[in-house]
Amino acid sequence: MRIYLLLAFILLGVVPLSFFTYVLLNTYEEKTINSRIEELKSQGMILSNILYKSVYLTNGSDPVIDANINRIADIYDGRIIIVNNTLMIVKDTYSIAKDKYLISDDVIRCLSGNTVIPVNDRKAGHLKLTYPITHKDTKEILGAIVMSFSTKDIHSIRSSMEQRVLLFAITLAVLIVVFSVFFSGILTKPLTSLMHSINHITEGYMDEGISIKGYNEIEKISDAFNHMLSQMQKLESSRQEFVSNVSHELKTPITSIKVLADSLLAQEDAPVELYREFLVDIVDEIDRENKIINDLLSLVKLDKKAGDMHIAQVNINELLELILKRLRPIAQKRNIEMIFESFRPVIAEVDEVKLSLAISNLIENAIKYNVEDGWVRVSLNADHKYFFIKVADSGIGIPESEQDFIFERFYRVDKARSRESGGTGLGLAITKSVIQMHHGAIKVYSKEGEGTTFNVRIPLNYVS
Ligand SMILES: Nc1ncnc2c1ncn2[C@@H]1O[C@H](COP(=O)(O)OP(=O)(O)O)[C@@H](O)[C@H]1O
Ligand SMILES: [Mg+2]
């Protein structure tokens, strides 16, 4: 990550700089050479205008013209050679080649075509201009002026500029590297420490959480992460509590069975009646164990979530009637009146088996935690969106301080009473879970000694 940032910074800084410099220097060189050529052309023209009238081209002896040529060669610090149309050199400012012949490509081309020929030899570092001498009136070509000058000065300016730019580019690159190490550090540091924290937590140091201050977005991520972490911690501790509750609940009946069996074994000649009595108790405990296991299994199945919902159009009136019919015998034993009120026919999309279990649990509780000769009133209503089931009883009620906990697994207000009536403490947990799976809600209103009301609200149409 860091190395990529670094490369990006360098590319963005140094590459455009180098390219720009290259283009700039080339343009500079080209322009300078071109303006040299123009200057030389005008000097060539002046000389040609003097020369065509004179006999200089045949004998090369005219002190005024000589002086002029020498002066120009001096100004440009170069060499001027004059040849006539027989290619004989009549003047050489270096005075080495006079009276010899100059047979060069440029001169021949110049004489035959009457054209100015500039040649820029970059490698050798000189500029050569061959200028024709033409008679103004007859247009006859009389000879050529060959001017050659060094371009070393131009090249040396270029190379010194190149050096300076190179130095600048290196300085810039170093600065970029320093800055990008610094800035990419600033950018990646919080991410790196976030990563370290997450790894640390993954290794099992769950209680620590993340604290990264001063970076807005990263702070938000770590807040969100910490929130998730605390949810996980809650989940984990409730899981641990559940496991320890389960083993405790499952052990209780087995311990009782063991005690009953042991005490029978301890008596040498126990009477048959005693065996009978103890065996009845043992069967009761086995039934209880069975019930706990069944309730646990339903709860575990529900925990698997929405996947195995069997949604169908269900007549809720009929469903409630059926549940009440099934539970009436239990109510009758304690002379509890069962009332069903329906305000309208309700058909809803629900999982019939699960909902039946949830509502049965509520009505069972209303009977179990009731008083002799009490009543249980179940009512059904609906609006355009939801149906409402209310289970009210005239029972013992739930103390306000306990109302928050009754939906928790294995929670019982009065353990002895619950046990007596075959409760496992899982009923309301199952009910709540089922209602949540239908995206509904459940609320409890209760007053100790007066009675309890559970209100259930479930959408008529199931949304997965
Ligand atoms: N209708 C009710 N009236 C009074 N107390 C109730 C009622 N329903 C539930 N409770 C209390 O809530 C506890 C949890 O209920 P539940 O989960 O069904 O477990 P269980 O009935 O097996 O004890 C019960 O033990 C009881 O103390
Ligand atoms: Mg119950």
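**Notebook: helices, cores and two single residues**

I began with α7 and found that its buried residues pack against α6 (216-266), α9, α10 and α11. I took contact to mean heavy atoms within 4.5 Å. Buried means under 20% relative accessible area, exposed over 50%, and partly exposed in between, with a 1.4 Å probe and protein chains only. Helices (H or I, at least four residues) and strands (E, at least two) are DSSP runs, numbered from the N terminus.

This is a predicted model, where local features need pLDDT of at least 70 and side-chain atom pairs count only at pLDDT 80 or more, while totals for chains, interfaces and linings use all residues. Residues are numbered from 1 along each chain as its sequence is written, chains are lettered from A and ligands numbered from 1 in the order in which they are written, and side-chain values use heavy atoms, without hydrogens and water.

**Helix α7**

I checked its length next. Helix α7 (residues 272-303) has 32 residues, which should span 46 Å at 1.5 Å a residue, and its end C-alpha atoms are indeed 46 Å apart. The expected span is 1.5 Å times one less than the number of residues. The buried residues of α7 include Leu274, Phe278, Ile282 and Leu302. Charged residues are listed as buried too, among them Glu285, Arg288, Glu289 and Asp295.

I then looked up Asn290, which is found in α7. Asn290 is partly exposed, because its relative accessible area is 44%. Its C-alpha atom is separated by 31 Å from that of Arg457, and the two residues are 167 apart along the chain.

**Domains**

The domain assignment gives domain 1 (2-157), domain 2 (217-288 + 294-300) and domain 3 (308-459). Such bounds come from an automatic or database domain assignment. I noted 111 Å between the centres of domain 1 and domain 3, taken over C-alpha atoms.

**Helix α4**

In α4 (residues 105-113), I found Asp106, Val107, Cys110 and Leu111 buried. They cover an arc of only 125° around the axis, so they sit on the same side of α4. The arc is that of the directions from the helix axis to the C-beta atoms. The buried residues pack against β1 (78-84), β3 (117-121), β4 (126-134) and β5 (141-150). Exposed Asp105 and Ser112 are on the face turned away from the buried side. Just after α4, Asn114 takes a positive phi of about 55°.

**Helix α9 and the cores**

Helix α9 (residues 352-368) is largely enclosed by the rest of the structure, because 13 of its 17 residues are buried. Asp351 caps its N-terminal end, with a side-chain oxygen 3.3 Å from the backbone nitrogen of Val353. A polar contact is a pair of N or O atoms within 3.5 Å; within protein, one must be able to donate a hydrogen and the other to accept it, and residues adjacent in sequence count only if both atoms are side-chain atoms.

The largest nonpolar core has 37 residues, and Ile316, Ile363, Val376, Phe387, Ile389 and Phe454 touch the most other members. α8 gives the most to this core, with 7 residues. A nonpolar core is a set of buried Ala, Val, Leu, Ile, Met, Phe, Trp, Tyr and Cys residues joined through side-chain atoms within 4.5 Å.

**Gln403**

Gln403 is in the loop between β10 (386-393) and α10 (415-420). Gln403 counts as buried because its relative accessibility is 13%. Its side chain reaches the backbone oxygen of Ser446 at 3.2 Å.
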